[in-house]
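User: I would like a close look at one part of this model, followed by a careful account of how that part sits within the whole chain.

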Amino acid sequence: MINGRIEWESEATFEQAADINAYAGGQKRSFAPIRSDVLRDVVEVVDHLREDVIGVESDALIGAHQIRVIAGDGVTGLPAPEGVHQDGFDIVATCVIGLTNVSGGVTTLTTDAAGQHVVAQESLGAREYAAFDDRALFHYVSPVNALVPGQTHRDVLVLTFTLI
Ligand SMILES: [Fe+2]
């Protein structure tokens, strides 16, 4: 985002340092292209965050990541297999874009890596998001299970912001 306008990069990989992400750090990860309806969700969330969280004068490199956690049939889904963590950005926004038959998936923000000092805890519904200072806070999302027997998934759009 430059001068308040989003400019899209056609291809990008995502990599986190190993000391930030012990689960997948140090690996270049590629993702499928984002559908146009999801791109509209990205624009909507960025518009919401621009004034109060990002700052209208700030330029930022924005990463958009679609994550589907699947559970059910005796399988527990793990939205945060690395445990309480930071993502390594200035700001992170976790946006729930779809919930199907989900029990669990509670988002917790803490001031410490051990997860002891909780500052916010919320079971986000569809079309709700949590935006936070990823340098100051740690986050975790509890495991996901089926509410009733059957297919279960939790679809999340994670937006990462590096201020430039
Ligand atoms: Fe994360």
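How many bridges join strand E4 to E7, and in which sense do the two strands run?

Analyst: In this predicted model, strand E4, which covers residues 107–110, is joined to E7 by four bridges, and the two strands run antiparallel. A residue pair that can be located directly in the structure is Leu109, which stands opposite His139 in E7.

The pairing of E4 with E7 belongs to an open sheet of three strands, whose order is E5-E4-E7 and whose pairing is antiparallel. The edges of this sheet are formed by strand E5 (118–122) and strand E7 (138–141), each of which pairs on one side only. From one strand to the next, the twist averages 15°. In the order E5-E4-E7, strand E4 stands between the other two, and its partner E7, at the edge, has pairing on one side only.

To place this sheet in context, it helps to turn to the chain as a whole. The chain contains one helix and nine strands, and, read from the N terminus, the order of elements is α-β-β-β-β-β-β-β-β-β, with the helix ahead of the strands. Contacts between residues 24 or more positions apart make up 79% of those with a separation of 6 or more.

Another set of pairings centres on strand E2 (residues 91–100). With strand E6 (residues 128–133), E2 pairs in the antiparallel sense over six bridges, and within that pairing Val96 has Glu128 of E6 as its bridge partner. With strand E9 (residues 152–163), E2 again pairs in the antiparallel sense, here over nine bridges, and Ile91 stands opposite Phe161 in E9. Seven of the ten residues of E2 are buried, so this strand is largely enclosed by the rest of the structure. For the chain overall, 23% of the 164 residues count as buried; here a residue is called buried if 20 or more other C-beta atoms lie within 10 Å of its own.

As for overall dimensions, the C-alpha trace spans about 50 × 35 × 30 Å along its principal axes. The radius of gyration of the chain is 16 Å, which agrees with the value near 15 Å that a compact globule of 164 residues would have.

Returning to the part you asked about, E4 is thus best viewed together with E7, to which four bridges join it in an antiparallel run, and with the open three-strand sheet E5-E4-E7 that includes both strands.

Key:
Residues numbered from 1 in each chain as written. Predicted model: local features only at pLDDT ≥ 70, side-chain atom pairs only at ≥ 80, totals over all residues. Rg over C-alpha atoms; globule rule 2.2 N^0.38 Å. Buried ≥ 20, exposed ≤ 12 C-beta atoms within 10 Å, placed from the backbone. Contact = placed C-beta atoms within 7 Å. Pairing = 2+ DSSP bridges. Axes fitted to C-alpha atoms, helices over the stretch in contact; angles between N-to-C directions.
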